[in-house]
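User: I am in my first year and would like a close look at one part of this model, namely the loops with unusual backbone geometry and what lies around them. Please take me through it carefully, in connected prose.

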Amino acid sequence: MNEVLQKMHDIGIIPVVVLNDVKDAAPLGKALLEGGLPCAEVTFRTDAAEESIRIMSEKFPELLVGAGTVLTIDQVDRAVAAGARFIVSPGLNPKIVQYCTEKQIPITPGVVTPGEIEKAIELGLEVVKFFPAEPSGGLSMINAVGAAYTAMKFMPTGGITAKNAADYLKSGKIHACGGSWMVKTDYISACEFGKITELCREAAQIVKNART
């Protein structure tokens, strides 16, 4: 498996981050590292996203920084140029997947249906995002649909919380979970980085407990 995807698995819970101000990028990166979740999926839907990825990648090389909500090839190029080491998209766009795989950029596109999973397999993917996870049937849906695709692993995102993350992580079908409860926009805008660190520590412990 790709080294970046393996690191995402090892971390277990991928913080999904919305940054509206670049000044928050560095303190957030520090909080994630201190909290034991050395990863950030920075959603590429704000004006601050691109520069925030650059700041976090340059200041904290040990932090695995990626771009989420990527919808175009131009966004892929901009995100990677800024330092993103992986790409996440809400849906499966074959053109974007092919572009990333040709350039050896790890990408996890969003899927829900068997047809989308089969398309992902056809495109050579080993891991896909399951999105939106809870509204789409959650873990029971992943286990039911995933049973037919033994080699495919899933990264559920959407409705994952501190209360249900362990249930997901105990399943052999789950590669990692995407979650935002520890990096809520309100915490970031209020500069509550100590709280973010604390919640990240709790999330890291959830991963450890679920996998032992």
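Analyst: T69 sits in the loop between strand β3, residues 64–68, and helix α4, residues 73–82. In this predicted model, the phi angle of T69 is near 55 degrees, which is a positive value in a residue other than glycine. That deserves a remark, because most residues other than glycine have a negative phi, and most peptide bonds are trans. T69 has a relative accessible area of 19%, and therefore it counts as buried, the cut-off being under 20%.

Another residue with a positive phi is Q104, whose angle is near 60 degrees although Q104 is not a glycine. Q104 belongs to the loop between helix α5, residues 94–102, and strand β5, residues 107–111. With a relative accessible area of 71%, Q104 is exposed, whereas T69 is buried. Q104 is also one of the residues that line the second largest pocket, together with others including T101, I105, P106 and I107. About 180 Å³ of space lies in this second largest pocket, and its lining is made up of 7 nonpolar, 4 polar and 1 charged residues. Among the lining residues of that pocket are also N2 and L5, as well as L123, G124, L125, E126 and V127.

From there we can turn to the peptide bond between F131 and P132, which is cis, with an omega of about -5 degrees. P132 lies in the loop between strand β6 and helix α7, the helix covering residues 138–146. The ring of F131, which takes part in this cis bond, has K129 lying over its face, at 4.4 Å from the ring centre.

The neighbouring strand brings in an aromatic pair, and by the rule used here the count comes to 1 such pair. Its partners are F130 and F154, which meet edge-to-face, with 6.4 Å from centre to centre and 85 degrees between the planes. The pair links distant parts of the chain, since F130 is in strand β6, residues 127–130, while F154 is in strand β7, residues 153–156, and the two are 24 residues apart. F130 counts as buried because its relative accessibility is 2%, and F154 counts as buried because its relative accessibility is 1%.

Strand β7 also leads to a further loop, the one between β7 and helix α8, residues 165–169, and this is where N164 is placed. With a relative accessible area of 14%, N164 is buried. If its neighbours within four places in sequence are left aside, N164 is in contact with E134 and G159.

Finally, there is the largest pocket, in which about 280 Å³ of space lies. This pocket is lined by 19 residues, and those that lie nearest its centre are V16, T43, R45, T157 and S180. Two elements, β2 with residues 39–43 and β8 with residues 177–179, are the ones that give two or more residues to this lining. By class, the residues lining the largest pocket divide into 6 nonpolar, 9 polar and 4 charged.

How values were computed: Residues numbered from 1 in each chain as written. Predicted model: local features only at pLDDT ≥ 70, side-chain atom pairs only at ≥ 80, totals over all residues. Heavy atoms only, no water. Phe/Tyr/Trp six-rings, centres within 6.5 Å; stacked < 30°, edge-to-face > 60°. Helix = DSSP H or I, 4+ residues; strand = E, 2+ residues; numbered from the N terminus. Buried < 20%, exposed > 50% of the residue type's maximum accessible area, 1.4 Å probe, protein only. Lys NZ or Arg CZ within 6 Å of the ring centre and 35° of its normal. 1 Å grid on protein atoms, 1.4 Å probe; cavity = no way out; pocket = protein on both sides within 12 Å on 5 of 7 lines; lining within 4 Å. Points joined across faces, edges and corners; volume = space filled by probe spheres on them. Nonpolar A, V, L, I, M, F, W, Y, C, P; charged D, E, K, R; others polar. Contact = heavy atoms within 4.5 Å.
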